[in-house]
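I opened the file to look up charge pairs, annotated sites and backbone oddities. My notes follow in the order I took them.

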Amino acid sequence: MRIAILSRNSRLYSTQRLVEAAKERGHEVDVLDPLSCYMNINAREPSIHKKGTELPRYDAVIPRIGASVTFYGTAVLRQFEMMGTYPLNESVAISRSRDKLRSLQLLSRKGIGLPTTGFASQPQDIPDLIEMVGGAPLVIKLLEGTQGIGVVLAETRQAAESVIEAFMGLQSNIMVQEYIKEAGGADIRCLVIGDKVIAAMKRQAKSGEFRSNLHRGGSASLVKLTPAERATAVKAAKTMGLNVAGVDILRSNHGPLVMEVNSSPGLEGIETATEKDVAGQIISFIEKTAKVHKTRTKGRG
């Protein structure tokens, strides 16, 4: 197969591992910066170009689209989809998962466990918003934040009111969530491929920090999942429409709670912690599903 990987940096661990895994299996691979691609959108021969040259046809495309380029990156991915290329994750599923509020509403509708979450736009609603999530301590999150940026733990009601007012004053969209104290500054990253959790790790925040992101100094270790946690992770990925996803779960006194569903999960932390060939399993999944996709699209023609 000829595979394209949409990535802004070919030197990133995840991108390099996917290239390596694909080449080991005899596939041709090109890494394309989505911002360097531009599109000819027409009904007869839609195409994608780069530096004055039309790109060849690809059998599959692996989107590794960062949050900061979601709009343009998903537009490029849609163009691949229009041209009949099999997308590992579809553009609409990526857009759905990147909208934190929308994704929580979709998960809620499917009955998936979540931290109680509040959302409002008016300062006069702040007191009731705080009560809604069980009072302080509580977590305040910027909807556009990634990798723990724009996430604040407000330990007192006064602090919560001040931070929420400040964000609202800056016209920033935020959500307020209950603080799951019993999680102890740890979460579980489940790597879902298709209908299975193929790897999982526990991420523990460093001392004095409540955010467990590895980018913020958190540590990763092996973890054994319960059947409920596995089922929750798979259902969350399926609800978003993602074939490959990183589902972040908190262990609470009332069962697993989904924090986020990531459409471009990093591979370094989980491959290191579990010693599993996650990249290889992603390529194997593409080999199986791209063939089905090709048969279906031929049938439509």
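**Entry 1. Cut-offs.** I call a residue buried under 20% relative accessible area, exposed over 50%, and partly exposed in between. Glu 131 has 49% relative accessibility, so I log Glu 131 as partly exposed. I also note here that the model is predicted.

**Entry 2. Glu 131 and its partner.** Which residue forms a salt bridge with Glu 131? I found Arg 157, with the closest N and O atoms 2.7 Å apart. Glu 131 sits in helix 5 (residues 126-132) and Arg 157 in helix 6 (residues 157-169), so this pair ties together parts that are 26 residues apart in sequence. Arg 157 is partly exposed as well, because its relative accessibility is 31%.

**Entry 3. Salt bridges overall.** I searched the whole structure and got 14 salt bridges. I looked at two others by hand.

I took Arg 203 with Asp 187 next; their closest N and O atoms are 2.9 Å apart, and the pair forms a salt bridge. Arg 203 belongs to strand 13 (residues 196-204) and Asp 187 to strand 12 (residues 186-193), so I have a link between distant parts of the chain, 16 residues apart. Are these two residues buried or exposed? Both Arg 203 and Asp 187 are buried.

I then checked Glu 20 and Arg 17, whose side chains meet in a salt bridge at 2.7 Å, N to O. Both residues are in helix 1 (residues 13-24), and because they are three residues apart there, about one helical turn separates them. The two ends of this bridge get separate labels in my notes: Glu 20 is partly exposed, with a relative accessible area of 41%, while Arg 17 counts as buried at 13%.

**Entry 4. Charge patch.** I looked for like charges gathered on the surface. Arg 109, Lys 110, Lys 235 and Lys 238 form a patch of positive charge there. I followed up one of these residues, Lys 235, and placed it in helix 7 (residues 227-240). Why does Lys 235 count as partly exposed? Its relative accessibility is 40%, and the partly exposed class runs between the 20% and 50% cut-offs.

**Entry 5. Record annotations.** I read the UniProt features next; the entry is unreviewed. The record places the feature "binding site" at Asp 248 and Glu 260. It also places a "binding site" feature at Glu 260 and Asn 262, so Glu 260 appears in both of these annotations.

I then looked up where these residues lie in the model. Asp 248 is in strand 15 (residues 244-252), and Asp 248 counts as buried because its relative accessibility is 5%. Glu 260 is in strand 16 (residues 255-262). With a relative accessible area of 33%, Glu 260 is partly exposed.

**Entry 6. Asn 243.** Where is Asn 243 placed? I found Asn 243 in the loop between helix 7 and strand 15. At 25% relative accessibility, Asn 243 counts as partly exposed. I also took a C-alpha to C-alpha distance from Asn 243 to Cys 190: the two are 13 Å apart in space and 53 residues apart in sequence.

**Entry 7. Backbone.** Most residues other than glycine have a negative phi, and most peptide bonds are trans. I therefore listed departures from both.

The peptide bond joining Ala 136 and Pro 137 is cis, with omega at about -5 degrees. I placed Pro 137 in the loop between helix 5 and strand 9 (138-142).

Gln 171 has a positive phi, near 60 degrees. Gln 171 is in the loop between helix 6 and strand 11 (174-178). Is Gln 171 buried or exposed? Gln 171 counts as exposed, at 69% relative accessibility.

Glu 275 also has a positive phi, near 60 degrees. Its place is the loop between helix 8 (268-274) and helix 9 (278-300). I log Glu 275 as exposed, because its relative accessible area is 73%.

How values were computed
Residues numbered from 1 in each chain as written. Predicted model: local features only at pLDDT ≥ 70, side-chain atom pairs only at ≥ 80, totals over all residues. Heavy atoms only, no water. Patch = residues over 30% accessible without salt bridge, like charges linked within 9 Å, V, L, I, M, F, W, Y side chains within 5 Å. Areas by Shrake-Rupley, 256 points an atom, 1.4 Å probe, with all protein chains shown as cover. Salt bridge = Lys/Arg side-chain N within 4 Å of Asp/Glu carboxyl O. Lys, Arg positive; Asp, Glu negative; His and termini not counted. Charge placed at Lys NZ, Arg CZ, Asp CG, Glu CD. Helix = DSSP H or I, 4+ residues; strand = E, 2+ residues; numbered from the N terminus. Buried < 20%, exposed > 50% of the residue type's maximum accessible area, 1.4 Å probe, protein only.
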